[in-house]
Amino acid sequence: MIIAFPRKHPSHSSTSESGIQERSSPREESGRFHKASITRLLACLVTALAVIAGLVVVHTPAASAADITTDLGITGGGDVVAGGGKAFIAGDDQLLVVNANGTFNTAVGGLSARSLAITPDGTRLYAALRDPNEIMELDTATLDTTREISLAEYPCPTNLALSGRWLWVGYGCDQWDGGVVGIDLSSGYRSRLIRVAATYASPKVAAAGNTLVVGDSGLSPASLRVYDVNTLRASLRGIIDGHDYHTGFLGDLAITPDGSTIIAAFPDSDEYFAWDTTSLQKVRAYGPDPDAGYYLPVVAVSADGTHVAAGRGTKSGLGVTLYDSATAAPVYSGTLTDHGGLMDLRSLTFSNDDLFAVWRDLDSDHLHLWRLETGTLPESTLTLTAPATGTGADALTLTGRLTLPDGSAPGEQPLSVTRYVNDSAALTREVTTAEDGTFTFTDRPRSAGVIRYDVIWNGSPTVHWSTASATVTLVKAVSSITLSGPETGTVGTRLNFSGVLFGNGQAMRSSTPLRILREVTNSKGTVVTSLPSVSTYAPDGRFRFMDTPAEAGEYTYRVEFDGDRAGLPTTATLDVTVEEAPQE
């Protein structure tokens, strides 16, 4: 399925920052928003699945039937992060936003990000913009830009890691010009920058607590540098030497939330290695995967540190395994093999305990979103009840309830409601549950056909999201018009008419204009004239029109409604006797 993404530009009220020396933002220089498109694509992470039932000593559940994959309709970008009930995907010229269940939410056009990072509370998103050499901070609720941080002295920001007040940026355009710079996000308008390291190429970075890990992805064997971070600087704690572990090139890098363990993935290894960040000793490995081959893998750690997700792609498909982070025991496996062609897994992130992965179809070059429902969170329940039938003019009342796994009251929770008319999305709105989880909303589709309502709760860190649907079959309403006006008139004196359009006895508006015909009969014969059409845009279906008769006679005013998606055609007439003006 290809989805269309409406473009939403970031707010023009953003604050521009310079890391070391203040500069004007593109908005200040040109008076309008501008972002150059990133011309380089993320390096392909063509990978092979590490999850085969024969590799594990316990049975792992197969991917849920609820797992989905969606063609994003883009060819560049691919990084994905999740937080606040949404997931954000870096596109080649836009930022895509989806809900926790993988359904499209919105898109921000003109934003070409190479890498993304999100705060733990999901309120702030950071995007690395490679061509303009800056970091953009966005409010995830409004998608407005809240500040821009220049990296003019550190070109081509490519990889991001966020920990507390520090945003760490791996940068570098070509060979021998890579490095890491830290941005102190707490310093406000003039963000303080500290340079940490120089590397051969733009390095991978991972950070948590007071630990920063830097891995140079351009060298083999790849070594990992571990740094202590304080409020003023980052000092080298030690090096995990790639020669000691025969690691090869670095594929991906992650760290547990407490900063105690590094997980690194290498394309020429069939395991995902974990090192203790204090002793710098290898403590475990996740896998092995005999089908790994020499494809680049991806790895992610859950927000609570209890699970490690590892994935690869092969010529036959994609696969992800979820491991218990402490024991390395697999607890879930998901595969995707029915799309054909070469499938390149680009990035992986947790959304609570579910997973989002972005992959590329190397035949079409399109990026796809793959949502994996791991089933490790307790399930919530959402119900929705709607009338079975009605007319296109009816106001429909729908009710439902959100129930938590333990039966406790969920309190006020936001729900997203989408109305579909004959399978075409027509409206999205938000409703809020009462304290006990019940909710009621009213909607007037103003259309006949099959109307479907989808309600989504995006879940919480401890409870899985849920959705419910209800359909209503509506027929066109029987329409009628009431028409009011004078019964008599005088030549040259204006006549005022008013009326109301009804559907099934209920006043209704319509986007279809009403035709007004005037028929005049006198000694000269009968003449029918079309008057200007009128509209019923008022919610109560009211309309007005005027006419000034030019001659005496019997007048008939006819109002015609041709019908619309909600109502059937109808007419109304009114007779007026017009006489000559009395002689003075």
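Reader: In which sense do β12 and strand β13 (residues 178-184) pair, and over how many bridges?

Author: Happy to start there, with the reminder that this is a predicted model. The two strands form a hairpin with 6 residues between them, and within it Tyr 171 has Gly 179 of β13 as its bridge partner. The pairing of β12 and β13 is antiparallel, over 6 bridges.

Reader: Which glycine in the turn between β12 and β13 has a positive phi, and of about how many degrees?

Author: The turn belongs to the hairpin that β12 and β13 form, with 6 residues between the strands. The residue you want is Gly 172, with a phi of about 145 degrees.

Reader: What about the other hairpin of β12: which residue of β12 does Asn 159 stand opposite?

Author: Strand β11 (residues 157-163) pairs with β12 in the antiparallel sense over 6 bridges. These two strands form a hairpin with 2 residues between them, and Gly 164 in the turn has a positive phi of about 60 degrees. Across this pairing, Asn 159 stands opposite Gly 170.

Reader: Is strand β12 largely enclosed or largely open, and why?

Author: It helps to look at both faces. In a regular strand the side chains alternate between the two faces of the sheet. Here Trp 166, Trp 168 and Gly 170 point one way, Leu 167, Val 169 and Tyr 171 point the other way, and all are buried. Since 6 of the 6 residues of β12 (residues 166-171) are buried, the strand is largely enclosed by the rest of the structure.

Reader: Is Trp 176, in the loop between β12 and β13, buried or exposed?

Author: This tryptophan also has a backbone feature to look at: a positive phi of about 70 degrees, although it is not a glycine. Most residues other than glycine have a negative phi. Trp 176 has a relative accessibility of 70%, and the cut-off for exposed is over 50%, so Trp 176 counts as exposed.

Reader: And Ala 328, with its positive phi: is that residue buried or exposed?

Author: Ala 328 is found in the loop between β25 (318-324) and β26 (330-336), and its phi is near 65 degrees. Its relative accessibility is 15%, and buried means under 20%. Ala 328 therefore counts as buried.

Reader: Which residues does a cis peptide bond join in the model?

Author: Most peptide bonds are trans. In this model, one with omega of about -5 degrees leads to Pro 221, a residue in the loop between β16 (211-215) and β17 (224-229). The cis bond joins Ser 220 and Pro 221.

Reader: In the open sheet of 3 strands, β30-β32-β35, which strands stand at the edges?

Author: The order of the sheet is β30-β32-β35, with antiparallel pairing. A strand at the edge has a single partner strand, so one side of it is left without a neighbour in the sheet. That describes β30 (381-385) and β35 (438-443).

Reader: Which residue of β35 does Gly 400 stand opposite?

Author: Strand β32 (residues 396-403) is joined to β35 by 6 bridges, and the two run antiparallel. Gly 400 stands opposite Phe 439.

Reader: Over which residues does pLDDT stay under 50?

Author: For the chain, the mean pLDDT is 84, and 85% of the residues reach 70 or more. Where pLDDT is low, the predicted coordinates should not be read in detail. The stretch with pLDDT under 50 covers residues 1-66.

Methods. Residues numbered from 1 in each chain as written. Predicted model: local features only at pLDDT ≥ 70, side-chain atom pairs only at ≥ 80, totals over all residues. Heavy atoms only, no water. Buried < 20%, exposed > 50% of the residue type's maximum accessible area, 1.4 Å probe, protein only. Helix = DSSP H or I, 4+ residues; strand = E, 2+ residues; numbered from the N terminus. Pairing = 2+ DSSP bridges. pLDDT = per-residue confidence, 0-100. Contact = heavy atoms within 4.5 Å.
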